[in-house]
There are 2 protein chains.
Amino acid sequence: MEMLTIGKLAKRADVNIETIRYYERRGLIPEPHRRDSGYREYSDETIKRILFIKHAKDLGFSLKEINELLSLKLDPGTSCSEVRQKAEMKLEDIEGKIKNLRKMKKALMELTKVCSGSGPVSECPILEALEK
Amino acid sequence: MEMLTIGKLAKRADVNIETIRYYERRGLIPEPHRRDSGYREYSDETIKRILFIKHAKDLGFSLKEINELLSLKLDPGTSCSEVRQKAEMKLEDIEGKIKNLRKMKKALMELTKVCSGSGPVSECPILEALEK
DNA sequence: CTTGACCCTGTACTTAGGTGCAGGGTTTAT
DNA sequence: ATAAACCCTGCACCTAAGTACAGGGTCAAG
């Protein structure tokens, strides 16, 4: 198995080099083996790890949560239901955000509805509504 | 019209004192009159201004955007349609966020669906899916 | 007239997720 | 052999929207 320098890894996983070092500091990526020169050396495993992080991020997980997910993943004592529970919690989280955004949307739509779009700002019903 | 100290204003508008000074630094609140001692003195107008900011924040506007909204509000040359346009832009912004969250939700639901919830993590389909 | 509550400025810190750079050392290609 | 490209550490910086002091001055009540 050929080893990757951090630059190669960054290209393969499509992330910034600094981001890899940042993930290492955050404990999301294990400390890699080092050459005598101090250069980091990675195996292909690390690409998967970074993809895991990216995908989890896309699903709305924070790096902190991803860390927890990785701990579950690496602990053989973990049951799959624990992972499932995390996913369900995130689902609720996302639903809460959607609900909140829908409330904003509704309020904004009501405001734009009462605004004719003509007339001076001094009589703008949107601005008036925001003040009281 | 009685004048308010910053502490009174903070209570009336239900914000932190530091937040008021922060808004002043950001230009969201005009620099108030000062007593000889240097103490800030506010009129009731400022309560309305802070409420405006809070309400706009609740609708999803950033402080930067609120600043723009306030500029429109204070410029007599502004037409109401410009305000309306800002509201519509924010509406699109919010809709985009909702759409994105719904995508996450869908992906998460699909993942939890394939997970029986039993079995070891080593065979967890959720974790597996995140890796590839 | 003193004590506690209030206010001032200026600065640093917070969360999240990075990015950028200075000042070095190492590898690789020519 | 040398230049370009790469890597190292450690630190500072970024956005957003504040919060938290420290070290001082002021105000109001008893």
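**Exercise 1. Find how far a phosphate oxygen of DNA strand C is from an N or O atom in the side chain of B:Arg21.**

Solution. Start at B:Arg21: an N or O atom of its side chain sits 2.4 Å from a phosphate oxygen of DNA strand C. That pair fits the term polar contact, meaning two N or O atoms within 3.5 Å (within protein, one must be able to donate a hydrogen and the other to accept it, and residues adjacent in sequence count only if both atoms are side-chain atoms).

Before going on, a word on the ground rules: this is a predicted model, where local features need pLDDT of at least 70 and side-chain atom pairs count only at pLDDT 80 or more, while totals for chains, interfaces and linings use all residues. Residues are numbered from 1 along each chain as its sequence is written, chains are lettered from A and ligands numbered from 1 in the order in which they are written, and side-chain values use heavy atoms, with hydrogens and water left out.

Next, look at B:Thr5, where a side-chain N or O atom is 2.7 Å from a phosphate oxygen of strand C. Then cross to chain A: a polar side-chain atom of A:Tyr23 lies 2.8 Å from a phosphate oxygen of this strand.

**Exercise 2. Work out which residues are closest to DNA strand C, and which helices supply its surroundings.**

Solution. Begin with the count: 19 residues surround strand C, and the closest are A:Thr19, A:Tyr39, B:Thr5, B:Arg21 and B:Arg40. Of the strand C atoms that come within 4 Å of the protein, sugar and phosphate make up 75%. Being near a strand here means having a heavy atom within 4 Å of it.

Now the helices (DSSP runs of H or I, at least four residues, numbered from the N terminus). H2 (17–26) of chain A, plus H1 (6–13) and H2 (17–26) of chain B, each give at least two residues. H2(A) gives the most, with 4 residues.

**Exercise 3. Do the job again for DNA strand D: which residues come nearest, and which side chains contact the strand?**

Solution. There are 20 residues around strand D, with A:Thr5, A:Arg21, A:Arg40, B:Thr19 and B:Tyr39 nearest. Sugar and phosphate account for 74% of the strand D atoms within 4 Å of the protein.

Among the side chains, A:Tyr39 has an N or O atom 3.0 Å from a base oxygen of strand D. For phosphate oxygens of strand D, the distance is 2.7 Å from A:Thr5 and 2.5 Å from B:Thr19. Finally, H2(B) provides the largest share of the surface near strand D, 4 residues.
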